[in-house]
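User: Please take a close look at one residue and its surroundings in this model. Then add whatever else helps to place it.

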Amino acid sequence: MKYMKIIGCLIFVVPTFVQAQQLQSYINEADKNNESIKAYEMRYNIAQEKINEVTWLPNTEFSAGYFVREPETRTGAQVAKFSAKQMLPWFGTVETRQNHASAMAEIDYVEYIIAKRKLALAVTKSYYQLYRLNAKRSVLTKNIELLKTYETLALRSIEVGKAGAVDVLLLQIRQNELQQESEILHEQILGETVNFNNLLNRDVALPIDVNTAITIPHQDPAFIDSLSLNPELLRFDKMFASVIQEELLNKKKGSPKIGFGLDYVPVQERPNMVFDDNGKDIVMPMVSVSIPIFNKQYRSVTKQNELRKQEITFQQEERLHRLESLLAKSIALRNKARISFNTQDKNLKRAKDAEQILMKNYETGTINFNDLLDIQELQLKFEVNQINAIEDYYVQSSMINYLSN
């Protein structure tokens, strides 16, 4: 099929081959099942069928008449009159119609491709949102278990008089807060799962296989820093081409039309007379030409088409500028995500070092549970920020690929 390369260029960045296959399988399923994509496909099929429709010719005209008072001629009385007439468009008109219909079909096909790419982008964004929610919940679960360990240490410290009951209560309060966040995340996961499955047009209760062990690659994937292949811009090229074909068709419509016909008049024989052609029927072939002398309509359409071409050019330039802005913004946001990820990674290592120092102090009996809680909160903050950075990185990478390929 034409423009297949447009689809093939849409590659969404994922960290591993398995992860790539997993996400791509979801995108393929969405392409196959999504109702919106099916509607665009039907629209394109209708446009393709119109190419066959435009091969029509004007209706053949048949007429018949009966003489109430038969006119007498030298060869006999005329009884009736039968006529057939067929008008034909100017040479090349049917082919020009087909070219115009084909140009319109190409616009619908590009719209179909844009819809598929937008759906793939929506699936990708939803997938990484599910990643973020699941990864954050996993981190919260780990931190809750860690706080339970701290609580056990605090209880032991109380027994030897090296900690107070307040320390235990603070640890329990913190556990309750994290448990609340975890339950809220669970509800958000359920909601986003419904959204994801609806994009794939399948049972909303089906589980989504999301890998939470994702990281940012050391190098950003290469991409073509050009918007020339973006279907949203190619659509304007197709629209411009359709206007050119429409103008060619308009000129054909303004050309003369040729008609061929035949009149047949049956004649009665004159009684009691013998001569050549007595009662001979009349057969009269005819040729007619329809000339659009008053062709103001066609001149107006020509002017409209010139204005439409200017309009399409302005729209394409405006869309190009908007896409350039979106591309620059996505690149900046992806770079921001990498910077944030690296910063959180460094801070997380320092927080773990601080935690180890505090735990060593516990061996000497000088642990400060308030400091331990502060470090735990910092660790959780850094881990969550890192997860957010990973989501942003891959969402922006997908947007960059959507715009530039």
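**Partial exposure, residue by residue**

Analyst: L262 has 38% relative accessibility, so it counts as partly exposed. The model is a predicted one. L262 sits in strand β5, which covers residues 257–265. This leucine also belongs to a nonpolar surface patch. Its partners there are F82, Y264 and V283. Together, the four residues have about 340 Å² of accessible area. Patch members must have over 30% relative accessible area. L262, at 38%, is partly exposed because its value lies between the 20% and 50% limits.

Next comes V94. Its relative accessibility is 22%, so V94 is also classed as partly exposed. The limit for buried is under 20%. V94 lies in helix α4, residues 93–159. Which residues does V94 contact, leaving aside neighbours within four places in sequence? They are V54, T55, W56, L57 and P89. S126 gives a sense of distance. V94 and S126 are 32 residues apart in sequence. Their C-alpha atoms are 48 Å apart in space.

Last, N201. This residue is in the loop between α5 (165–199) and α6 (231–253). Its backbone stands out for one angle. Phi of N201 is near 55°. That is a positive value, in a residue other than glycine. N201 has 31% relative accessibility and therefore counts as partly exposed.

To recap, L262 is in strand β5, V94 is in helix α4, and N201 is in a loop. L262 is partly exposed at 38%, V94 at 22%, and N201 at 31%.

Conventions. Residues numbered from 1 in each chain as written. Predicted model: local features only at pLDDT ≥ 70, side-chain atom pairs only at ≥ 80, totals over all residues. Heavy atoms only, no water. Helix = DSSP H or I, 4+ residues; strand = E, 2+ residues; numbered from the N terminus. Buried < 20%, exposed > 50% of the residue type's maximum accessible area, 1.4 Å probe, protein only. Contact = heavy atoms within 4.5 Å. Patch = residues over 30% accessible without salt bridge, like charges linked within 9 Å, V, L, I, M, F, W, Y side chains within 5 Å. Areas by Shrake-Rupley, 256 points an atom, 1.4 Å probe, with all protein chains shown as cover. Salt bridge = Lys/Arg side-chain N within 4 Å of Asp/Glu carboxyl O.
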